[in-house]
Structures are given as C-alpha cells and as structure tokens.
Amino acid sequence: MNKTADVYLFGQILGTHSFLLKDGFLRPDEYSEIKEQYFLPGGETGTAATVLDSLGASVKMDGTWIGTEVASLLRDFYKNKNVDLSLLHFTSEPGVMDYVVISGLVRSPMGHFQTLFSSGKRWWNIPKEEDISGCKVAAIDPYFGEESLKAAKLCFKHNIPFITIDTPHDSPLHKMAAINVVSHECLGQYYKDMSVEEILCLMKEQSDGLTIITQGGSEMLYARKGSTIKSMKPFNVEVKSTLGAGDTFKAACVYGLLHGLNDDELVRFASACSAIAISRFPLPLNPPKLEEIHNLEKKNALSKS
C-alpha cells in the first residue's frame with residue numbers, strides 16, 4: 001500500500017468476540033441461545049477503518065499494541081483492503097479483546113480495560129509526525145492520554161482536520177478538533193445536571209469546529225460557535241445490532257470531512273451510514289457502501305416530500 005493514505009486513525013484496535021442472542025437479552029439464572037457468533041476486528045478505530053475502506057477511503061491505523069491472537073485476525077481480515085497496518089506494534093501477548101453480548105437495541109460489552117488502564121503501563125503507540133503529516137484527514141480516540149493529545153497537536157501543526165469522540169468542552173482535543181461527536185452516554189459522565197441543549201451551548205463556544213451530540217434513537221443536535229442549534233432525526237430502520245453504530249457514525253464524519261460536505265450534509269450522511277450499520281450483523285463483514293447510503297438518503301427525502 002502507498003505510504004500516503006487519505007486518513008490517519010489513532011486509537012483502539014482490538015479483536016471483538018460478538019454473540020447475537022436468539023430470544024432476547026440475558027436474564028439471571030436463565031439459559032440463552034446464541035444465534036450467531038464471530039471473532040472480528042473491533043474497537044473505535046478498528047471499526048472505523050473497516051467502514052472507511054468500504055466507502056473508498058485509504059486508511060493508516062495506529063494505536064493499540066496488537067497481540068498474537070489479534071494479529072492473525074487483523075492481517076487476514078485486511079489483506080485485501082486499503083488499510084495499512086504497517087504502523088502497528090506487535091507483541092507476544094494474546095492481545096486486547098472484548099466480548100459483546102447483543103440482542104437488538106441492547107448490548108453488553110465485557111473486557112479487561114479497567115485493569116489495563118490502571119496497570120500504569122502503556123499498551124499503545126506513540127504517534128509520529130511522519131506518519132500523520134501526509135494524510136488529509138484524521139480521527140483520534142481520546143483514551144490514550146498524552147499520546148492522543150500528541151496526535152491532535154501534530155494534526156493541528158500540519159493543518160490536518162481531525163475528528164474526536166466523547167471529549168468534554170474543556171479538553172484540548174475538543175478545542176482543536178474539526179468535529180467532536182459526543183454520545184448520550186458521555187453526557188451522563190460529564191454533565192449530569194444539564195440539559196442536552198445547555199451542554200451543546202457550552203461545548204460549541206469552546207471550539208471552532210462542529211459539535212454533534214448523538215442520542216441513540218432520539219434526535220441528534222449539532223452546532224458551531226456563534227450559530228443556533230440544529231436537530232436531525234435518525235433514519236428509521238429495523239435494528240438487528242447496535243454494535244459499532246457510534247464508530248460507524250464517526251467513520252462517516254471522517255468521510256464527510258474528507259469530501260467537503262457541509263454540516264447538514266455531513267450529519268445526514270453519517271446518520272444514514274450508521275442506520276445501515278445497525279440494520280445488519282456482523283458489521284465488519286457487512287459494512288455500509290456508498291450506494292446504500294445515498295439510496296437511504298433519497299428514500300428518506302422522498303418520504304418527507
């Protein structure tokens with residue numbers, strides 16, 4: 001793969017064991033039948049890379065150290081895709097994995113992330129200027145502390161617009177980002193006693209970028225500094241699995257930024273892309289395609305006319 005990619009992604013890359021249940025979500029002391037199960041690339045960055053490749057963008061992935069079990073998975077999965085794995089650091093450990101139980105709108109992830117983050121050891125790469133400087137757009141997960149901040153500063157230095165996720169208003173990442181996509185779960189962590197509108201008013205004035213607040217099946221809100229708040233309803237689809245919905249939304253925002261979509265176009269495109277993602281399982285084997293996204297946008301526009 002050419003060393004110059006459209007997109008640089010920094011963040012969580014892991015192997016995800018996913019279990020789609022047959023008859024509703026887990027209940028204490030009751031048996032549950034597994035309908036489908038997979039071991040596929042996951043994490044915010046891993047999923048975004050898969051979606052962006054499907055949309056036709058070339059990607060460099062950077063971030064989590066990759067162990068033996070995950071390494072073979074990634075190498076096999078991405079061997080015929082436009083996703084560059086050359087920046088990844090491979091170790092002799094099994095690798096970072098999570099386990100997700102899914103039933104429609106409900107899912108429960110499990111893993112060892114609290115143990116990993118509290119270990120005091122770094123298990124991810126340090127971003128390098130030469131790996132970032134040639135890209136057109138970037139996405140940076142906020143979870144890797146100083147390394148995430150370094151990636152953001154390098155993007156800022158080279159005038160490379162980047163997207164981040166779930167970053168509060170006073171974070172340097174939020175202030176430098178071209179787009180910050182904030183989930184409803186994040187609001188509960190940082191802004192428990194404020195309305196969504198109050199939070200967005202606070203956030204949009206602390207950045208020159210676009211702030212988007214997603215709320216699952218409820219309306220998305222988005223705005224920029226000095227502008228009024230806009231809202232958009234999610235696309236109506238039959239939900240099969242919500243695993244990867246937020247990561248797909250982020251990837252679609254990256255695509256929109258890469259192709260110069262305006263704010264309304266970008267939010268609508270990301271919403272349609274995410275809607276397609278939740279209508280299927282497993283997402284990595286069935287990522288949204290451009291034609292599907294545009295068709296859903298057209299169908300939605302016709303239904304409103």
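What percentage of the 305 residues of the chain count as buried? The figure is 52%. The model shown here is predicted. The legends below start with the whole chain and then move to close-up views.

**Figure 1. The whole chain holds eleven helices and 13 strands.**
The chain has 305 residues and a radius of gyration of 19 Å, which agrees with the value of near 19 Å for a compact globule of that length. Along the principal axes, the C-alpha trace spans about 50 × 50 × 40 Å. Contacts often reach far along the sequence: of those between residues at least 6 apart, 66% join residues at least 24 apart. The accessible surface is about 14500 Å². Carbon and sulfur atoms account for 50% of that surface. The side chains include 31 positive and 37 negative ones. The centres of these two sets lie 4 Å apart.

**Figure 2. Nine strands line up in an open sheet.**
The order is β5-β4-β1-β8-β9-β10-β11-β12-β13. The pairing in this sheet is mixed. Its edge strands are β5, residues 83-84, and β13, residues 230-232. Each edge strand pairs on one side only. In general, the strands of a sheet pair through backbone hydrogen bonds, and they do so either parallel or antiparallel.

**Figure 3. Strand β4 is mostly covered.**
This strand runs through residues 59-63, and five of its five residues are buried. Val59, Met61 and Gly63 point one way. Lys60 and Asp62 point the other way. The charged names may catch the eye here, yet Lys60 and Asp62 are buried as well. On one flank, β4 pairs with β1 in the parallel sense over five bridges. There, Val7 stands opposite Val59. β4 also runs parallel to β5, and two bridges join them. In that pair, Lys60 stands opposite Asp84 of β5.

**Figure 4. Strands β1, β8 and β9 follow one another in the sheet order.**
Strand β1 covers residues 7-11, and β8 covers residues 137-140. The two run parallel and are joined by four bridges. Leu9 stands opposite Ala139 in β8. Which residue of β9 stands opposite Ala139? That residue is Ile163. β8 and β9 pair in the parallel sense, over three bridges. Strand β9, residues 162-165, is covered on both faces. Phe162 and Thr164 lie on one side, Ile163 and Ile165 on the other, and all of them are buried.

**Figure 5. Ser274 sits in helix α10.**
The helix spans residues 263-278. Is Ser274 buried or exposed? Its relative accessibility is 12%, so Ser274 counts as buried, the cut-off being under 20%. Leaving aside neighbours within four places in sequence, Ser274 is in contact with Ala245, Thr248 and Phe249. Ala177 offers a second reference point: it lies 97 residues from Ser274 along the chain. The C-alpha atoms of Ser274 and Ala177 are separated by 21 Å.

**Figure 6. A cis peptide bond links Phe281 to Pro282.**
Omega for this bond is near -5°. Where does Pro282 lie? Pro282 is in the loop between α10 and α11, and α11 covers residues 290-304. The helix on the other side of this loop, α10, is the one that holds Ser274.

**Figure 7. Asp29 has a positive phi.**
The angle is near 65°, in a residue other than glycine. Asp29 belongs to the loop between β2 and β3. Strand β2 covers residues 14-21, and β3 covers residues 34-42. At 85% relative accessibility, Asp29 counts as exposed, because the cut-off for that term is over 50%.

**Figure 8. Asn159 also has a positive phi.**
Here phi is near 55°, again in a residue other than glycine. Asn159 lies in the loop between α5, residues 145-157, and β9. At a relative accessibility of 69%, Asn159 counts as exposed. Strand β9, at the end of this loop, has Phe162, Ile163, Thr164 and Ile165 buried.

Methods:
Residues numbered from 1 in each chain as written. Predicted model: local features only at pLDDT ≥ 70, side-chain atom pairs only at ≥ 80, totals over all residues. Heavy atoms only, no water. Rg over C-alpha atoms; globule rule 2.2 N^0.38 Å. Buried < 20%, exposed > 50% of the residue type's maximum accessible area, 1.4 Å probe, protein only. Contact = heavy atoms within 4.5 Å. Areas by Shrake-Rupley, 256 points an atom, 1.4 Å probe, with all protein chains shown as cover. Lys, Arg positive; Asp, Glu negative; His and termini not counted. Charge placed at Lys NZ, Arg CZ, Asp CG, Glu CD. Pairing = 2+ DSSP bridges.
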